[in-house]
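Welcome to this guided tour! Please open your viewer, get ready to select residues by number, and follow along stop by stop.

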Amino acid sequence: MSLKNSSGFNPAAVKPFTAACYDNNLVNSQGIFLGDVPIRFALPLLLLELSIIFILSSTSDCLLRRLGVPRVVTQLLVGIMLGPSALGQKLKFRILMFPERGMYLLENISLIALILFLFSISVRTDLSLLRRPARGAVAVGFSGAVLPLTLALMLFYTKRNSFPVDLQRTTLVAELVIRLSLSSFPVIADALAELDLLSSDLGRIAVSASLVTDVCSWVLKILFFAAILFARAKSPAAALEIVASFIAFVVVLFFVVRPTVVWIIQKKTPSGELLGEGFFVGLVIIALLSALTTEVLGFKYMLGPVILGLVLPGGMPLGITLTEHLDSFFTSMFLPVYVVLAGYRTDIMELHHTSRWGVLELIAVVCFVGKLVGSMVAGLCYKMTIRDAFCLGLMLNIRGVIEIAFINNWGDSQKATAQHFSILILSVLIITAVTTPLIKCIYHPSARIVATKRRTVEQAKHNSEFRMLACLHTEEHVAPVLDLLEATSPSPTKPIGLTVLHLSDLSGRASSYLRTYKRRRGRGTTNSADRIVNAFWYFEQNSSYESGSLSIRPFISSCPYSTMHNDICSLALSCKCRLIVLPFHKQSDGARETSKQSFQTVNRMVLDIAPCSVAILVDRSVPAGSTYAHTTSLFQRIGVYFLGGPDDRDALAMGSRMGLTGNSQLTVVQILLRSDEDINRRDQQDEHFIEGVKKQHASNDRAVFMEKFVDDAEGTSAIVSSMSEKYDLVIVGRRKRLERSPLTSGLDEWGECTELGVLGDMLVTQDGEKVSIMVVQQHVWIGSDETAVEVPENVTDGAAEPTNQEGSNDYLIPRGSI
């Protein structure tokens, strides 16, 4: 029985619109004072509709964001609220606010936004993750896809005769099962970025697993479209024309478009800058033309921009240019219209016959449960905890704009009726609205960065390897770390294991990574990571240290600044470091000072959750851009101010290590209250520690210990201000929770950098001083140890300690790919 009536109108279609007849001249209104009704004209109506959608979407997102509800859910809810399920039940509202002539304009704008979104996310997709995919990620991806696919197809073909007639005659169920069994890389990457979980351990696995299955799905989709076109071709010659046309399209992208874009990046774009406006506009036009080409060839408009984006190089500057110009304006403003329109077409009132839509809902539930169980089983096989495996399964079940695009296509082609469309949109909404808040409540990446063993500088043995993690954002951060190494002067009896971590913001990429740095084969342009690591390797190879004195292990990380502290702390935990060295967020070249507030935020987060002691190194001795290789350390005169407390003990331990092993002159200034002049009234732990340091330096004529007595904090400030200019490097404790001590009370009232503590902030704000400063915070033990990052097998904390403890979670960073 046909669903169409004699006029050609299909009441069961998703878009049951009759031909919209209106005057083409009704575009611009002359205003209400001249008798016009503005919303009868195309432009005012479009502006009104866009304003309503933007205002409602933004307001709903602000209200629901704290609950972990993603933007796509709020946008669908806004569409449902405006549609026939709520306000749209009133015919006057629909005719006035969302008439048919306005819907056509909104649809076309939203489709352009979808095309540019697919292009942008494809450019930022890092296909290098597929070269050596992690076994765990591949297993999770395929297990989470094969199990729901098998279960749902078995259910459909065994019970097919009991399904409604309209589902038996179409391929909707099969296409739905395939779509829900796979995970969409753009959707998962965008959702995890919104939840600040993109650089988390499980987030990286979810992104990698979804990328593997998504690439496979696009390949199968191409073959599926080709098979349909072959079947519809009138002759073998027509089939060959289809194949030849598509191959020619791909060849042009690979051998014409890509080389041209690479030439523009290398020859026409200055280093560190974005693409020019003309080149950016040209790329956007090429993306739209690629969508047009694949649509003309019969392969659907979504395929062209995806292939084009994967062909082009991501990262800087292309990926960042698209992020700055597309994501921040066009995609963020007009893509929500696409999602809202999907919600607008959803009619909950149509779902009154359970027998017609219940089958699709059953299929959706089977796919959801099957994917969850399949992902969990694979995760448990790779030694995940049940909670982590459950969260990973939830991540891979997140749905979004890609699934909505497929549902819209099914509705446009009338594979899905209005009831089918409504239940599928509601399924996407419910699944995403449930999974994302659950993930946010259950999974906390920072909670994993907890150590059972205190790792401090104070407790480090002098005859074992002293491990440090040096974090560097830019090349200017290299010189002070090398000076610090030179001042420490490692030896075979007092070796230093330095882990170098180059940190970069996740710009122009959709997936983050934390991995060991590897030399790139062949000659070519070098990036910042190459130059930083080469500087340390050059220092290691050309230093005069004996073999076994210094070992350098480089890592690179790319992630958002909001979660960068997780990478730093998890790597420090895995490498069993005793000290994390962070760069100060302000950098001076002698003429001007630059400040990176994002660096400051990272430093503060690391101080809060670090699994070991932390030092912030403020370099004010070497102008930015100085040479990396030093024959002699610039830190020749080292001063330590000791006021007491755990942070000061770590600062003194670091200064003592440098004074014992290096060629630097060490001066320890112990500042005491006059009321505590009697040694029996002083803190005994501090006194025992400083006496032990004095014994270690008993035969060291380069070490000087002195006591200074003050009455209050003003006396402390006077001593620090007058003596600091005598040193090249001043080491102080952060004195966390000791700011109200009589020695420093009141000094923090005008503080600007709380992460430096009272003395550190006071030294930094002094004008004219060229002394470098090192502020140390001692690690406080708070929990249990879990290995978070896979490291080389030769990384040990001394000769007898194993690399990974039994039962460690070595799955967290997939080998070789992330």
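Before the first stop, one term: two strands pair if DSSP finds at least two bridges between them. In general, the strands of a sheet pair through backbone hydrogen bonds, either parallel or antiparallel. Keep in mind that what you see is a predicted model.

**Stop 1: a pair of strands**

Select strand 5, residues 579-583, together with strand 8, residues 613-618. These two strands run parallel and are joined over 5 bridges. Now pick out Pro583 and look across to strand 8, where Leu617 stands opposite.

**Stop 2: the whole sheet**

Next, widen your selection to the sheet. It is an open sheet of 11 strands with mixed pairing, and you can walk across it in the order 3-4-2-1-5-8-13-12-9-10-11. Which strands sit at the edges? They are strand 3 (513-516) and strand 11 (703-710), each of which pairs on one side only. Look along the sheet and compare neighbours: ignoring direction, they are turned against each other by 20 degrees on average.

Two helices are worth adding to the view. Show helix 23, residues 684-696, which packs on the sheet and touches strand 9 (637-642), strand 10 (665-673) and strand 11. The direction of helix 23 makes about 150 degrees with that of strand 11. Then show helix 25, residues 757-765, which also packs on the sheet, touching strand 8, strand 9, strand 12 (729-733) and strand 13 (772-777). For helix 25, the angle with the direction of strand 12 is about 150 degrees.

**Stop 3: strand 4 and its neighbours**

Select strand 4, residues 550-559. Is strand 4 mostly covered or mostly uncovered? Mostly covered: 9 of its 10 residues are buried. Add strand 2, residues 496-505, which pairs with strand 4 in the parallel sense over 10 bridges. Within this pairing, find Leu503 and its bridge partner in strand 4, Ser557. Now add strand 3, which runs antiparallel to strand 4 and is joined to it by 4 bridges. Here you can find Thr516 opposite Phe555 of strand 4.

**Stop 4: salt bridges**

Show the charged side chains now. The model has 17 salt bridges by the rule used here, and we will visit a few.

Start with Arg735 and Asp648, whose closest N and O atoms are 3.8 Å apart. This pair links distant parts of the chain: Arg735 is in the loop between strand 12 and helix 25, while Asp648 is in helix 22 (residues 646-661), 87 residues away. Both Arg735 and Asp648 are buried. While Arg735 is selected, check its backbone: its phi is positive, about 55 degrees, although Arg735 is not a glycine. As background, most residues other than glycine have a negative phi. Arg735 counts as buried because its relative accessible area is 2%, and buried means under 20%.

Move on to Asp686 and Arg649, whose side chains meet in a salt bridge with an N to O distance of 2.7 Å. Asp686 belongs to helix 23 and Arg649 to helix 22, 37 residues apart. Both Asp686 and Arg649 are buried. Then select Arg71, Asp190 and Glu194, which are joined into one network by salt bridges that share partners.

Finish this stop with Asp61 and Arg65, a salt bridge whose closest N and O atoms are 2.5 Å apart. Asp61 is buried, with a relative accessible area of 8%, whereas Arg65 counts as partly exposed at 48%.

**Stop 5: two loops**

Select Lys383, in the loop between helix 14 (354-381) and helix 15 (386-396). Phi of Lys383 is near 65 degrees, another positive value in a residue other than glycine. Is Lys383 buried or exposed? Lys383 is exposed, because its relative accessible area is 56%.

Now go to Gly314, in the loop between helix 12 (303-311) and helix 13 (318-345). At 15% relative accessibility, Gly314 counts as buried. Add Ser122: the C-alpha atoms of Gly314 and Ser122 are separated by 8.6 Å, with their places 192 residues apart along the chain.

**Stop 6: a nonpolar patch**

For the last stop, show the surface and colour Phe230, Val243, Ile247, Val251, Val252, Phe254, Phe255 and Val256. Together they form a nonpolar surface patch with about 710 Å² of accessible area. Which helix gives the largest share of the patch? Helix 10, residues 236-268, contributes 7 residues. One residue to pick out there is Val252, which lies in helix 10 and counts as partly exposed at 40% relative accessibility.

Definitions and conventions:
Residues numbered from 1 in each chain as written. Predicted model: local features only at pLDDT ≥ 70, side-chain atom pairs only at ≥ 80, totals over all residues. Heavy atoms only, no water. Patch = residues over 30% accessible without salt bridge, like charges linked within 9 Å, V, L, I, M, F, W, Y side chains within 5 Å. Areas by Shrake-Rupley, 256 points an atom, 1.4 Å probe, with all protein chains shown as cover. Salt bridge = Lys/Arg side-chain N within 4 Å of Asp/Glu carboxyl O. Buried < 20%, exposed > 50% of the residue type's maximum accessible area, 1.4 Å probe, protein only. Axes fitted to C-alpha atoms, helices over the stretch in contact; angles between N-to-C directions. Contact = heavy atoms within 4.5 Å.
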